[in-house]
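These are my notebook entries on one structure, kept in the order in which I looked things up. I begin with empty space inside the protein, then turn to aromatic rings, and end with one serine.

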Amino acid sequence: MPTTAPATTPAPATTTVPPAPTPARLRPPARPRPRVLLVGTATAVTALLLLVAVGTLLRQPLLIPPLAASMALVAGAPDLPLSQPRSVVSGQLLSALTGFAVLAVAGPGLWGAAVAGGLALGVMMCARTPHSPAAATAVIVALQAPPFWSFLGLLALASLLLVAVGLAGARAAGRTYPAYWF
């Protein structure tokens, strides 16, 4: 019988695994250019004063805290998805509707307001209209039980005014806003 040499298995090649990349450290944003800073600030002040003026004319308050936060996003971070017209207007209105739905079930109060604020986030996520200040609108509705139609109408008007002033301010600062409409 012929003998054959046993098959030899080559030695495994040594491979070196490169070290995992070190995650980049997050840093604060760069300082804005002076023109962007001044125009952004002036835009926010103008929009909020406009809400006060229109609210005074209508004898209805238009300036509520969530709208001030909305304007801060529109004027200060116009590139974020949270700042886009779709998110500002739809997020505010969907959150108000969420607040009214919770109000109808639970009545006004802190417990319902907490649920409304949390549910508003889920509703906005489902609708792809993220806008964090709008969660506070749901809380306000569930706490204060405002009149349905007048509150929604005034909220829509106020949200559209913020977007319009944000558009004008971005043009004045040489920035692009919005990144998308719908």
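**Entry 1: the cavity**

How many nonpolar, polar and charged residues are there in the lining of the largest cavity? Before answering I note that I am working with a predicted model, and that the way to look for such space is a general one: rolling a probe the size of a water molecule over the atoms shows where empty space is left. I found one cavity of 30 Å³ or more, and the space in the largest cavity comes to about 80 Å³. Sorting its lining by class, I counted seven nonpolar residues, four polar ones and one charged one.

I then looked up which residues these are, and the lining includes Val36, Val39, Gly40 and Thr43, as well as Val74, Ala75 and Pro78, and also Gly166, Gly169, Ala170, Ala173 and Arg175. When I asked which elements they come from, I found that helix 1 (34-58), helix 2 (65-76) and helix 6 (148-173) each give at least two residues to this lining.

**Entry 2: the pocket**

Next I turned to the largest pocket, which holds about 230 Å³ of space. I found 14 residues lining this pocket, and those nearest its centre are Pro61, Ile64, Pro146, Phe151 and Leu154. Two elements, helix 5 (133-144) and helix 6, give two or more residues to the lining, and helix 6 gives the most, with four residues. By class I noted 11 nonpolar residues and three polar ones in the pocket lining, with no charged residue.

**Entry 3: the aromatic rings**

How many aromatic pairs does a search of the whole structure find? The search gave me three. In one of them, Phe100 and Phe148 meet edge-to-face, with 4.8 Å from centre to centre and 65° between the planes. Phe100 sits in helix 3 (residues 85-106) and Phe148 in helix 6, so this pair ties together parts that lie 48 residues apart in sequence.

I also checked whether these rings are buried or exposed. Phe100 counts as buried, at 10% relative accessibility, whereas Phe148, at 31%, counts as partly exposed.

Phe100 has a further partner, Phe151: the ring centres are 6.1 Å apart and the planes stand at 75°, so I recorded this pair too as edge-to-face. Because Phe100 lies in helix 3 and Phe151 in helix 6, the pair ties together parts 51 residues apart in sequence. Phe151, which I had met among the residues nearest the centre of the largest pocket, is buried, with a relative accessible area of 13%. I closed this entry by writing down that Phe100, Phe148, Trp149 and Phe151 form one aromatic cluster.

**Entry 4: Ser70**

My last search was for Ser70, which I placed in helix 2. Is Ser70 buried or exposed? Its relative accessible area is 0%, and since buried means under 20%, I entered Ser70 as buried. I then found a polar contact of 2.6 Å that joins the side chain of Ser70 to the side chain of His131. Setting aside the neighbours within four places in sequence, I listed Gln92, His131, Pro133 and Leu162 as the residues in contact with Ser70.

How values were computed:
Residues numbered from 1 in each chain as written. Predicted model: local features only at pLDDT ≥ 70, side-chain atom pairs only at ≥ 80, totals over all residues. Heavy atoms only, no water. 1 Å grid on protein atoms, 1.4 Å probe; cavity = no way out; pocket = protein on both sides within 12 Å on 5 of 7 lines; lining within 4 Å. Points joined across faces, edges and corners; volume = space filled by probe spheres on them. Nonpolar A, V, L, I, M, F, W, Y, C, P; charged D, E, K, R; others polar. Phe/Tyr/Trp six-rings, centres within 6.5 Å; stacked < 30°, edge-to-face > 60°. Buried < 20%, exposed > 50% of the residue type's maximum accessible area, 1.4 Å probe, protein only. Polar contact = N/O pair within 3.5 Å; in protein donor to acceptor, adjacent residues only side chain to side chain. Contact = heavy atoms within 4.5 Å.
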